[in-house]
Structure formats: structure tokens, C-alpha cells
Amino acid sequence: MKLVIFLLALLPLDRLIYLAFTDGFGANPIEFITRSTGTWALVLLCITLAMTPLRLLIGSSQPIKCRRMLGLFCFFYASLHFVIWLWLDQSFDLAAMLKDIVKRPFITMGFLSFVLLIPLALTSTHWAQRKLGRRWALLHKLIYVIAVTVILHYWWHKAGKNDLQTVSIYAGVVFILLCCRIPWMRNQLTKLKLS
């Protein structure tokens, strides 16, 4: 199962490599690859968040065993998204980068989301979980904050183009997935499995 998920999670990258060699990025290649990597980071974040409700629904720990890999792939695509912006959009000009972060709210939220993902990726090992103990669970609750900041990043970006249809769908999905963490909702999901 993990191997299948690993290979599936690499498909967006495989697609980008294929399009790079077949001149398939369109008229604005930088925008295309930036948008693609950002979208897949968000999709994988949603799938990662969906693992807990799925576990409650099917009564199996298998989704939780895959959650770490999905989270790391989310970080991988978020890292590509950030590096593409820093390299191709900002030309590694740190001063311009900081100015952009302060000036544009959607960049601020995107950068904040990426920075918050870093400690989660660094502490995703079993060793870190044992070493941090209860603090590990508290630290990894940052994923809920990240889910909100990512949606704000996407929302403010699309609001500038007056195109909120797609981001509204993602916002709805994230809202539902976060609601599944509410104790009452968790109980309902468990009862649904038992019935």
C-alpha cells in the first residue's frame, strides 16, 4: 500500500518532467509550474488531513500508517513551490523576497505556511516522536493552522484575479476535514462505522 501511494504521489512530478521535455508548459512556464506544485501541495495536505476521518470510518489504522508519507509529499511539493518562486520569480534576491512577503498578504500566508511545515517535516520520524513525547503531538497540531494559512494564501491570490470558485471548493473540503476533529463529530464518524 505504501509503495502504491509513493508512486502515485510522484505522478505530478513525473507529469511536470514530461511536460518540460515536450514543451507543454504553455505561454507562461513559471506560472504553470508554480501553480501546479502549489496545487499538489494543497491536494496532499487535504489527503493527509483525511486520514484520521477515514480511520474512524473504516475502523482500521492503515490510513494512519500512510499519513506520514503523504505529509512528507505535501512538504516536498510545497518546497518545490517555494523554491520555484524564490529561484525563477525572485532570482534568489533575498531582499526582494522579504519585500514581497511584507507587501503582498497572499505571499505572507504562503511563506508562513511553508515555514510552519518545516518543523513538522523535520520531526516526522519515529525517533523524533519518541524523543519529543507529548510535545510531538502538540507540535503536529500545527497542521490545522497550516491548513488555514494555506487556504488564505490561495484565497487572497485568487481574489486578486476575482476567481474564487476553485479555492472555495478547497476551503469547504478543509473546513469539513477540520470539523472532523471536533469530539462530537469524531463520535458520529465512529458510530457511523459501527452501524
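A residue is taken as exposed when its relative accessible area is over 50%, as buried when this value is under 20%, and as partly exposed in between. By this criterion Ser 91, at 55% relative accessibility, counts as exposed. The residue lies in the loop between H3 and helix H4 (94-103), and its phi is near 55°, a positive value in a residue other than glycine. The model in which these values were computed is a predicted one. Most residues other than glycine have a negative phi. A positive phi, near 55°, is likewise found at Asp 23, which is placed in the loop between helix H1 (2-21) and helix H2 (29-58). Asp 23 also counts as exposed, because its relative accessibility of 72% is over the 50% limit.

The secondary structure of the protein comprises 10 helices and 0 strands, so that the pattern along the sequence, as the helices are assigned from DSSP runs, reads α-α-α-α-α-α-α-α-α-α. The C-alpha atoms fill a box of roughly 55 × 40 × 35 Å along the principal axes. For 195 residues, a compact globule would be expected to have a radius of gyration near 16 Å, and the 18 Å computed for the protein agrees with this expectation. Among contacts with a separation of 6 or more, 61% join residues that are 24 or more positions apart. Of the 195 residues, 38% count as buried, while the protein exposes about 11,800 Å², of which carbon and sulfur atoms supply 70%.

In the interior, the largest nonpolar core contains 40 residues, and the members that touch the most others are Leu 42, Leu 45, Trp 85 and Tyr 170. Two or more residues are given to this core by each of H1, H2, H3, H4, helix H5 (105-122), helix H8 (142-159) and helix H9 (165-179), with H3 giving the most, at 11 residues. Another core, of 6 residues, lies apart from the largest one and includes Leu 16, Leu 19, Phe 32 and Ile 33. When neighbours within four places in sequence are left aside, Trp 85 is in contact with Gln 90, Met 97, Asp 100, Ile 101 and Ile 107.

Asp 100, one of these contacts of Trp 85, also takes part in one of the 3 salt bridges that the structure holds. Its partner is Arg 104, and the closest N and O atoms of the pair are 2.7 Å apart. Asp 100 is buried, with a relative accessible area of 10%, whereas Arg 104, at 31% relative accessibility, counts as partly exposed. A salt bridge is also formed between Asp 163 and Lys 158, with the closest N and O atoms 3.7 Å apart. In this pair the basic residue is the buried member, since Lys 158 has a relative accessible area of 13%, whereas Asp 163 counts as partly exposed at 33% relative accessibility.

A further salt bridge joins Arg 35 and Glu 31, whose closest N and O atoms are 3.6 Å apart. Because Arg 35 and Glu 31 are 4 residues apart in helix H2, they are separated by about one helical turn. Both partners are partly exposed, as the relative accessible area is 42% for Arg 35 and 34% for Glu 31.

On the surface, Ile 30, Val 83, Trp 87, Leu 88 and Phe 92 make a nonpolar patch of about 450 Å². Helix H3 (residues 62-89) gives the most to this patch, with 3 residues. Val 83, one of the patch members, is located in helix H3 and is partly exposed, with a relative accessible area of 39%; this value satisfies the requirement that residues of a patch have over 30% relative accessible area. Helix H3 is thus the element that gives the most to the nonpolar patch, and H3 also gives the most to the largest nonpolar core.

Notes: Residues numbered from 1 in each chain as written. Predicted model: local features only at pLDDT ≥ 70, side-chain atom pairs only at ≥ 80, totals over all residues. Heavy atoms only, no water. Patch = residues over 30% accessible without salt bridge, like charges linked within 9 Å, V, L, I, M, F, W, Y side chains within 5 Å. Areas by Shrake-Rupley, 256 points an atom, 1.4 Å probe, with all protein chains shown as cover. Salt bridge = Lys/Arg side-chain N within 4 Å of Asp/Glu carboxyl O. Buried < 20%, exposed > 50% of the residue type's maximum accessible area, 1.4 Å probe, protein only. Rg over C-alpha atoms; globule rule 2.2 N^0.38 Å. Contact = heavy atoms within 4.5 Å. Core = buried A, V, L, I, M, F, W, Y, C linked by side-chain atoms within 4.5 Å.
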